[in-house]
Each structure stands twice: as structure tokens, then as C-alpha cells.
Amino acid sequence: MQERNYSIKSWAKDDRPREKLLSKNPMALSDAELIAILLNNGSRDKSALDLARELMQLGRNNLQELGKLSVFDLMTIKGIGEAKAVIITAALELGRRRQAALALECPVITGSRDVALYLQQLFQDHHHEVFVVLFLNRANKIRHFEIISSGGITGTVADPRMIMKKAIEQEAVGLILSHNHPSGNLRPSKADEDLTYKIREAAKLLDIRVMDHIIVSTEGYFSFADEGLL
């Protein structure tokens with residue numbers, strides 16, 4: 001009967017996602033019910049929950065797969081316009097960042113493993129290369145994290161001058177460079193090696209140490225420092 005009532009307001013209170021969350025616990029709601037809350041309302045012939053279920057089906061009923069879809073992918077569902085698609089994408093990005101942040105609870109960086117998991121979580125759904133830098137203080141604590149550039153499927157470009165400028169602003173004494181390889185291949189390219197060398201030499205002039213360059217993918221990570229390439 002509920003399937004024919006497109007307005008959630010016509011449902012029994014215990015069946016409405018918002019009221020269910022308030023009266024019980026967020027864990028009591030299904031993924032589709034939580035997404036329905038974000039959607040707020042449905043379309044002319046579908047309830048918010050109907051749309052949420054279609055979104056889950058589009059993501060193979062898996063939030064990880066749903067998180068890989070673009071705004072335009074979500075908009076292929078009738079009733080999901082730009083505004084709704086943006087809200088869902090933003091919510092999934094927040095969840096991704098929260099998950100990634102858990103990996104950096106250790107305040108002092110002692111090796112590549114301390115940051116590799118964080119970076120894998122951050123980059124896991126990107127289909128293009130992203131170059132980031134972690135700026136560290138004398139105690140090897142992260143002072144700042146910044147995305148330096150975002151490129152295409154085959155590569156990205158990072159300007160050493162921009163990185164040095166930011167390092168001075170953050171009073172950093174150490175840098176950890178990182179980028180992802182969407183292809184899954186973890187081996188550094190010649191361009192990766194040349195860029196690392198340029199940034200390392202520029203940093204030396206400012207008494208700043210490039211501590212590592214970490215390449216991450218869904219397959220794992222590659223550390224320049226661990227492999228003796230710094």
C-alpha cells in the first residue's frame with residue numbers, strides 16, 4: 001500500500017525515515033532510508049524512498065560503488081536532478097573524508113604506513129590523478145594538507161614553486177608528496193621520478209626535507225623512501 005503513496009507524509013510515522021531516525025537510532029535505518037532523508041522529497045510519481053532505492057540499485061546496492069558514481073551518473077535516474085545529485089555526492093564525500101581521517105589519529109608520522117592508508121581512503125574513488133602534499137613540523141606532525149593539482153586520467157602536474165611557497169607559509173621543515181595512480185599500477189613513471197627530484201632539490205635550498213613520495217592505488221602503495229629513491 002505504501003508503494004502507491006508517493007508522499008512519505010502519508011505514511012505511518014514509524015515508517016517515515018526522519019521520524020524513524022529520531023525515535024530510534026541512525027543504525028536502525030537502511031542505506032536507502034538514510035539517502036531518502038538527504039533527498040528530502042520525491043518526484044511527482046515516486047517517493048524519496050523510491051528514488052533512494054533506485055540510487056542504491058545504480059550503485060549495485062553497495063555504498064562503495066555508489067561513491068564512485070559522478071553527479072551526472074546519479075542524474076540518469078528520473079527524478080534525480082542536479083540539486084539532489086549534488087547533495088548525495090557531497091554526503092558520500094564527507095563519509096569518505098571521515099573514514100580517511102581515522103587513519104591519521106596517530107599524531108606523529110614515523111613511516112610510510114602512517115599516511116598510506118589515509119591517502120588510499122582519500123583517493124579511492126578518483127578516476128583521475130590528484131597530487132597532494134603533507135606539510136610537517138619539526139616533530140613530524142602534520143601542520144597542513146593541500147591538494148596541489150588535479151589532472152586527467154593519465155597524469156597531473158605539480159609546480160615546485162607553489163609547493164615551496166606553501167611550505168614557507170606553513171613553516172614546514174618536512175614534506176610528504178603523494179599522488180594516486182587510477183590505473184592501479186604502483187610503479188613510478190619517469191615523470192614521477194623527475195618531479196620528485198625537482199621538488200627535492202628546490203626544498204634543499206630552503207632547508208626543507210622531502211621525506212617521501214607515496215604513490216597509492218586500490219592495489220596498495222609505493223614509497224620512494226622505502227625503495228631508496230630519495
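**Salt-bridge exercises**

Lys68 is partly exposed, with a relative accessible area of 34%. Keep in mind that this is a predicted model.

**Exercise 1.** Work out which residue Lys68 pairs with in a salt bridge, and how exposed that partner is.

*Solution.* Start with the contact: Lys68 forms a salt bridge with Glu65, and the closest N and O atoms lie 3.3 Å apart. That fits the cut-off, since a salt bridge needs a Lys or Arg side-chain nitrogen within 4 Å of an Asp or Glu carboxyl oxygen. Next, check the partner: Glu65 has a relative accessible area of 25%, so Glu65 is partly exposed.

**Exercise 2.** Explain how Asp194 and Lys190 are placed along helix H9, then sort each as buried, partly exposed or exposed.

*Solution.* First, the contact: a salt bridge links the two side chains of Asp194 and Lys190, at 3.0 Å from N to O. Now the helix: both sit in H9 (residues 190-204), and because they are 4 residues apart, about one helical turn separates them. Then the accessibility: Asp194 comes out at 34%, which is partly exposed, while Lys190 reaches 55% and counts as exposed.

**Exercise 3.** Find the salt-bridge partner of Glu201 and classify the exposure of Glu201.

*Solution.* The partner is Arg200, with 3.2 Å from N to O. As for exposure, Glu201 has 26% relative accessibility, so Glu201 is partly exposed.

**Exercise 4.** List the residues that shared salt-bridge partners join into one network, then give the salt-bridge count.

*Solution.* Glu146, Lys165, Lys166 and Glu169 are the ones joined up. For the count, the tally is 11 salt bridges.

Note on methods
Residues numbered from 1 in each chain as written. Predicted model: local features only at pLDDT ≥ 70, side-chain atom pairs only at ≥ 80, totals over all residues. Heavy atoms only, no water. Buried < 20%, exposed > 50% of the residue type's maximum accessible area, 1.4 Å probe, protein only. Helix = DSSP H or I, 4+ residues; strand = E, 2+ residues; numbered from the N terminus.
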